[in-house]
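Hi,

Here is the structure I promised to pass on. Have a look at it first, and my notes follow below.

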Amino acid sequence: MSAVDFWPPSTLEIVFLLLGLVAVGSALLVVTTRQLVHAALWLVLCFGALAGCYLVLTAEFVAWVQVLIYVGAVVVLLLFGIMLTRAPIGRSDDLDSGNRVVAAVVALATAGVLVSVVVGGFQHAYADLRPGSGSAEELGGSIFRNWVLPFEALSVLLLAALIGAIVLSRTDISGRR
Amino acid sequence: MHVVYPAVVAALLFSIGVYGVLARRNTILVLMSVELMLNAVNLNLVAFDVWLRDVLHSGQVLTLFVIVIAAAEVGIGLAIVLAVFRTRKAIELDRLRELGEP
């Protein structure tokens, strides 16, 4: 057995790696760009590339949910937040705090530890991709057969988050006198 | 598909998110970086679900749950950011020092 048996990558893995490269590159631009609105738009590209990654990994339903919720809802919410806080729309040089160097050191250390552990631990693991195992039918059956209680708890959580957001953002609601 | 590739991509995304949380001072950019970290975890969950071929599909179902919780988190987080902006007229994290040690 060779030392690295995940190299050279197959065609599928090359597609995955290209999508992952787009995701990682746009994520880097999200955390380094000097324009607030551009950060949100790079986030769209990052989430879209990740949805492509899920598609390659045969998780189609998760990919479409990612497109709907992350690209559709979360980024729009973030853009609303940017507009409502009257953020500077053009270039602004004060988006980074003073501890950039420390943050870069911590992030590089995290990346080094995680990548070395992951490569060391999973270099022989091979996932046989089987199309259809992540379809809406399979996942729906699984959610409503085995995961009903967490699903219901999650709907209560969403309702609580909705009410909380309304209460927090309205100014004409005061406490009990 | 070797499991190394999604795991490495997820590790890189996670550390980029860590950098963003530590280095940015605008609260909305910090929220974006938190989303990046959550997405790294999602990629790991999907990859390991496909690898282990779980009968209950726990990886992908948990990914859906994490996506829903992330949506709720961003909603509440932005409401808090707007409330802070109304009272303090600033959302820069290093200017909100009232609760810190002097």
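Two residues are in contact here if their C-beta atoms, placed from the backbone, lie within 7 Å. By that rule, C53(A) touches F16(A), L19(A), G20(A) and A23(A), along with P6(B) and L43(B), leaving aside residues up to four places away in sequence.

Before you read on: this is a predicted model, in which local features need pLDDT of at least 70 and side-chain atom pairs count only at pLDDT 80 or more, while totals for chains, interfaces and linings use all residues. Residues are numbered from 1 along each chain as its sequence is written, and chains are lettered from A and ligands numbered from 1 in the order in which they are written.

C53(A) turns up again in the largest nonpolar core (buried Ala, Val, Leu, Ile, Met, Phe, Trp, Tyr and Cys residues joined through C-beta atoms within 7 Å; buried means 20 or more other C-beta atoms within 10 Å of a residue's own). That core has 77 residues, and A23(A), C53(A) and L13(B) touch the most other members. Helices (DSSP runs of H or I, at least four residues, numbered from the N terminus) from both chains supply it, including helix 2 (36-56) of chain A and helix 3 (58-88) of chain B. Helix 1 of chain B gives the largest share, 15 residues.

UniProt's unreviewed entry lists residues 6-22, 29-52 and 64-85 of chain B as "transmembrane region"; such annotations may be inferred rather than shown by experiment. In the model, residues 6-22 of chain B are 100% helix, with end C-alpha atoms 24 Å apart. Residues 29-52 of chain B are also 100% helix, and their end C-alpha atoms lie 35 Å apart.

Best wishes

Definitions and conventions: Helices (H or I, at least four residues) and strands (E, at least two) are DSSP runs, numbered from the N terminus. A residue is buried if 20 or more other C-beta atoms lie within 10 Å of its own, exposed if 12 or fewer, and partly exposed in between; C-beta atoms are placed from the backbone.
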